[in-house]
Amino acid sequence: MNVPGICAVIGSGTMGPGIAALLARHGSEVRLNDISQEALDRAESACTAASGALDQLGTPVTEGGSVSFELDAAAALDGAELVIEAVPEEIGLKRRVLERIEAAVGTGVVIATNTSGIPISDMAAAMAHPQRLVGMHWSNPPHLIPMIEVIRGERTDPAVETATVAIVEALGYKAVVEKEVPGFVENRVLYAIMRECLSLVEQGVASQEDIDTCVKWGIGYKLAVIGPMRLLDMAGLDIYSSVSGYLNPDLSDEKGISPLVTKLTEQNRLGMKTEDGMYPYAEGEVAAKRADILRGLVTVRKALSEITPV
Ligand SMILES: NC(=O)c1ccc[n+]([C@@H]2O[C@H](COP(=O)([O-])OP(=O)(O)OC[C@H]3O[C@@H](n4cnc5c(N)ncnc54)[C@H](O)[C@@H]3O)[C@@H](O)[C@H]2O)c1
Ligand SMILES: Cc1ncc(C=O)c(C(=O)O)c1O
């Protein structure tokens, strides 16, 4: 299976531009749509930056690829063979957008949602043809993280799941096929880590800088090479039993949103997008940090590819 010739990406915030840039790199004519002209203007430079990162990575260019920026959803959807929905994580909004998408495209078109973890069946509830909705959960930044979760809802046609896996593989990425649970696999694991880290900061156990250092060098580096299930074998299951016996009852089981995150969000301190969040950012620092992160991810991915080809 090749990457579809015409793709529409609906929503061009954090995720849309990187997704579009990767599809275009693989030869697709991509229409990136948003309701905000400002978001589309920002998306143009984000696509250029994503394309630069793909150059650094050495991802070959397939002839015929392009990205166009469309305020008009109907124009973006016209002739699309694959539609990827990437609007904000709000089920009511996603349902409305999906209804509009399915009214504009043929019944054979795969409609994928990049939801971070809303069950696909919940989103498909209002669709006339729910068999073509599939979860296609990209990881941020989507043009560099070479793994996509593919999630079938109760009414997703198995052929749509198979076609989505084939598209992921045609992009040179790994597909992880899952049953639907809230958060899917990646965010269940990531949010378990983040819940514990936030709780440790809130309790004053360590500074957030030291927690970042501990996770990057102590856990992140190791897990990138071996994965948690293999790490159990490396550590010894007897050790895991002893430690988890006293540790699990002490871990955070916070059911709500972290009080620290709630406070910052109420102050509109949302992170890099508002140039203030867990960390403050001086003028120009966000662009520099983003460039450092992209450079770091390219370097690490090249190194990891030598031991585990994608
Ligand atoms: N940010 C991440 O790290 C990340 C990673 C993986 C998945 N996701 C998921 O991807 C989706 C998008 O996330 P994001 O971070 O890119 O969000 P975002 O808020 O950065 O961007 C969403 C964009 O959608 C636009 N939009 C809103 N309504 C629209 C409509 N009706 N039609 C077209 N565009 C519309 C907004 O103007 C905005 O530019 C969410 O479901 C999110 O949970 C996010
Ligand atoms: C905080 C956070 N939440 C969701 C996602 C993905 O759905 C990511 C990510 O991909 O990095 C994330 O960092």
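**Exercise 1. Determine how the residues in the shell around ligand 1 divide by class, and name those that come nearest.**

Solution. By class, the shell around ligand 1 holds 10 nonpolar, 11 polar and two charged residues. The structure under study is a predicted model. The next step is to identify individual residues. Of the 23 residues around ligand 1, those that come nearest are G11, G13, T14, S116 and N140.

**Exercise 2. State which residues surround ligand 2 and to which classes they belong.**

Solution. Begin with the names: S116, S139, N140 and N187 are the residues around ligand 2. Then sort them by class. The shell of ligand 2 has four polar residues, no nonpolar residues and no charged residues. Finally, set this beside the preceding exercise: S116 and N140 are listed around ligand 2, and S116 and N140 are also among the residues that come nearest to ligand 1.

**Exercise 3. Decide whether strand β2 is largely enclosed or largely in the open, and give the reason.**

Solution. A residue counts as buried if 20 or more other C-beta atoms lie within 10 Å of its own C-beta atom. Strand β2 comprises residues 29-33, and four of its five residues are buried. Strand β2 is therefore largely enclosed by the rest of the structure.

**Exercise 4. Describe how β2 pairs with β1 and with β3, and how the chain passes between these strands.**

Solution. Take β1 before β3. Strand β1 (residues 6-10) pairs with β2 in the parallel sense, over five bridges. Within this pair, V9 stands opposite L32 of β2. Between the two strands the chain passes through helix α1 (residues 16-25), and this β-α-β crossover is right-handed.

Now consider the pairing with β3. Strand β3 (residues 66-70) and β2 are parallel, with five bridges between them. Here R31 is found opposite S68 in β3. Helix α2 (residues 37-57), together with β2 and β3, makes a β-α-β unit that is right-handed.

**Exercise 5. Locate A73, classify its exposure and list the residues that it touches.**

Solution. A73 belongs to helix α3 (residues 73-77). The number of other C-beta atoms within 10 Å of A73 is 18. A residue is partly exposed when this number lies between the limit for exposed, 12 or fewer, and the limit for buried, 20 or more; A73 is therefore partly exposed. Leaving aside residues up to four places away in sequence, A73 touches I10, N33 and R100. A73 and L32 are 41 residues apart in sequence, while their C-alpha atoms are 9.0 Å apart in space.

**Exercise 6. Establish the sense in which β7 and β8 pair and the handedness of the crossover between them.**

Solution. Strand β7 (residues 147-152) and strand β8 (residues 174-178) pair in the parallel sense over five bridges. In β8, A175 is the bridge partner of I148. The chain goes from β7 through helix α6 (residues 158-170) to β8, forming a right-handed β-α-β crossover.

**Exercise 7. Decide whether helix α9 is largely enclosed or largely in the open, and describe the residue that follows α9.**

Solution. Helix α9 spans residues 228-235, and the number of buried residues among its eight is zero. Helix α9 therefore lies largely in the open. G236 follows α9 and has a positive phi, near 110 degrees.

**Exercise 8. Give the bounds of the two domains, and describe how domain 1 and domain 2 meet.**

Solution. Domain 1 covers 6-182 and domain 2 covers 187-307. Their C-alpha centres lie 26 Å apart. Seven residues of domain 1 are in contact with five residues of domain 2. On the side of domain 1 that touches domain 2, four residues are nonpolar, three are polar and none is charged.

Notes
Residues numbered from 1 in each chain as written. Chains lettered and ligands numbered in written order. Predicted model: local features only at pLDDT ≥ 70, side-chain atom pairs only at ≥ 80, totals over all residues. Pairing = 2+ DSSP bridges. Right-handed = clockwise from strand over helix to strand, strands pointing away. Near = placed C-beta within 6 Å. Nonpolar A, V, L, I, M, F, W, Y, C, P; charged D, E, K, R; others polar. Domains from an automatic or database assignment.
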